[in-house]
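Hi everyone, thanks for coming. I'd like to walk you through a structure today, so please get the view up on your screens and rotate along with me.

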Amino acid sequence: MAGERSFGFAPVHDAPIPYLQRIRSYYQALGYGAPYEWAHCVSVPFHPLDKPLSQCRLAIVTTAAPYQPGKGDQGPGAAYNAACKFYSVYSGSTAEDPDLRISHVAIDRRHTTAEDPATYFPLAALRRMEASGRIGSIAPRFHGLPTNRSHRTTLEVDCPEIVARCQADAVDAAILVPNCPVCHQSVSLAARMLEESRISTVVMGCAKDIVEYVGVARLLFSDFPLGNAAGRPRDRESQTLTFDLALTLLEQAPAPRTTVQSPLVWSTNPDWKLDYCNIDRLSAEEIRQRRADFDRQKQIAQAVRNSD
């Protein structure tokens, strides 16, 4: 190792977090049996832009949820809050500044707080691109995509609804921004269906292995903690650069499965990558407590689903 450091090599763990492997080991250690089967596609649809980006109308697809007063803490640093989950596609006006939160998804709560919505909902960056003439226009609505674990529900209900709403708004391209691991799968499946419907897409994500495993046309990968796919918090320059990279990828990707990694670094110390869902870093008591917490949140989420 000393010799490797003398060459300027990075630590072994300074690589994209292997979420698929981490999550598989984590939930098996919690006692949930057979691992979840992630979507894995053979071919990838790819639709190049039909016209210059400066003439295109763009939409945002998000997995963030509208703030719901009376349903517990949803602010910066909030613990996972299943009461705030949503199970149907929703839309909101891009002429306003919606109050969207991500307390209902499994972001990296140890290394980020969701203090700045611009890190997971890049409407402000999109507006800057419209004002500069980089894009033609912003769609009148953004769309919220549920983080369903069910492939069938996502593919047969949620994705067709996202496509229909984008088509109704005459969208040329969509920017899809996930947060948690399952979010990355959901938006990847939506991106595929949008491409099949001749709407170009780019996924802005932090879980590279999940998105690439599903298979999408274009991925802008930011090696940041989950919940920061659109840039660093309170850092407008970072957010603008990240969004510009996504637009450049949208314009220039030569073929499906094109991934571009942002040059931005979360920290000079990569040790933060060792923590998320790492069963090797948890004691037996912590594992027991996490199982109890997860079971409790599943019951809350089921009650929410049943009430919809």
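I'll begin with the overall build, then go through the cores, two of the helices, a few loop residues and the cysteines.

One thing to keep in mind from the start: this is a predicted model. With that said, let's get oriented. The protein has eight helices and ten strands. Its radius of gyration is 19 Å, close to the 19 Å that the globule rule gives for 308 residues, so the protein is as compact as a globular protein of that length. If you lay the C-alpha trace along its principal axes, the spans are about 60 × 55 × 40 Å.

How much of the protein is buried? Of the 308 residues, 50% count as buried. The accessible surface is about 13,700 Å², and carbon and sulfur atoms own 51% of that. Contacts reach a long way along the chain, too: taking those with a separation of 6 or more, 78% are between residues 24 or more positions apart.

Now let's go inside. The largest nonpolar core has 59 residues, and the members that touch the most others are Leu58 and Leu247. Which elements give two or more residues to this core? They are α2 (19-29), β1 (57-62), α3 (123-132), β7 (173-177), α5 (181-196), β8 (200-205) and α7 (236-252). Helix α7 gives the largest share, five residues.

Zoom in on Leu58 for a moment. Setting aside neighbours within four places in sequence, its contacts include Leu126, Ile135, Ile138, Ala173 and Ile175. Leu247 and Leu250 are also among the contacts of Leu58. There is a second, separate core as well, with 27 residues, including Leu145, Cys166, Ile199 and Phe221.

Let's stay with α7, since it has come up already. At 1.5 Å a residue, its 17 residues should span 24 Å, and the end C-alpha atoms are indeed 24 Å apart, which agrees. The buried residues of α7 are Ser238, Gln239, Thr242, Phe243, Ala246, Leu247, Leu249 and Leu250. If you look at what covers them, you will find β1, α3, β7, β8, β9 (218-221) and β10 (258-261), among others.

Compare that with helix α8, residues 284-307. Here 24 residues should span 34 Å at 1.5 Å a residue, and the end C-alpha atoms are 35 Å apart, which agrees. Buried in α8 are Ile287, Gln297, Ala301 and Val304. And what do the buried residues of α8 pack against? That would be α2.

On to the loops. Please find Ala64, which lies in the loop between β1 and β2 (65-66). Is Ala64 buried or exposed? Its relative accessibility is 0%, so Ala64 counts as buried. Around Ala64, leaving aside neighbours within four places in sequence, the contacts are Phe86, Tyr90, Leu100, Arg101, Ile102, His104, Tyr120 and Asn179. Another pair to look at is Ala64 and Phe121: they are 57 residues apart along the chain, yet their C-alpha atoms are separated by 7.5 Å.

Two further loop residues deserve a look for their backbone angles. Ala170, in the loop between α4 (151-168) and β7, has a positive phi of about 55° although it is not a glycine. At 49% relative accessibility, Ala170 counts as partly exposed. Arg257 sits in the loop between α7 and β10, and its phi is near 65°, again a positive value in a residue other than glycine. Arg257 is partly exposed, with 42% relative accessibility.

Last stop, the cysteines, for anyone thinking about disulfides. How many does the structure hold? Zero. Take Cys41: the nearest cysteine sulfur is that of Cys159, and it is 10 Å away. A disulfide needs the two sulfur atoms within 2.5 Å, so Cys41 is in none. Cys41 counts as buried, at 18% relative accessibility. Cys206 is also in no disulfide, and the nearest cysteine sulfur, that of Cys183, is 11 Å away. At 4% relative accessibility, Cys206 counts as buried.

That's my tour. Thanks for following along, and I'm happy to go back to any view you'd like.

Definitions and conventions. Residues numbered from 1 in each chain as written. Predicted model: local features only at pLDDT ≥ 70, side-chain atom pairs only at ≥ 80, totals over all residues. Heavy atoms only, no water. Buried < 20%, exposed > 50% of the residue type's maximum accessible area, 1.4 Å probe, protein only. Core = buried A, V, L, I, M, F, W, Y, C linked by side-chain atoms within 4.5 Å. Helix = DSSP H or I, 4+ residues; strand = E, 2+ residues; numbered from the N terminus. Contact = heavy atoms within 4.5 Å. Expected span 1.5 Å × (residues − 1). Rg over C-alpha atoms; globule rule 2.2 N^0.38 Å. Areas by Shrake-Rupley, 256 points an atom, 1.4 Å probe, with all protein chains shown as cover.
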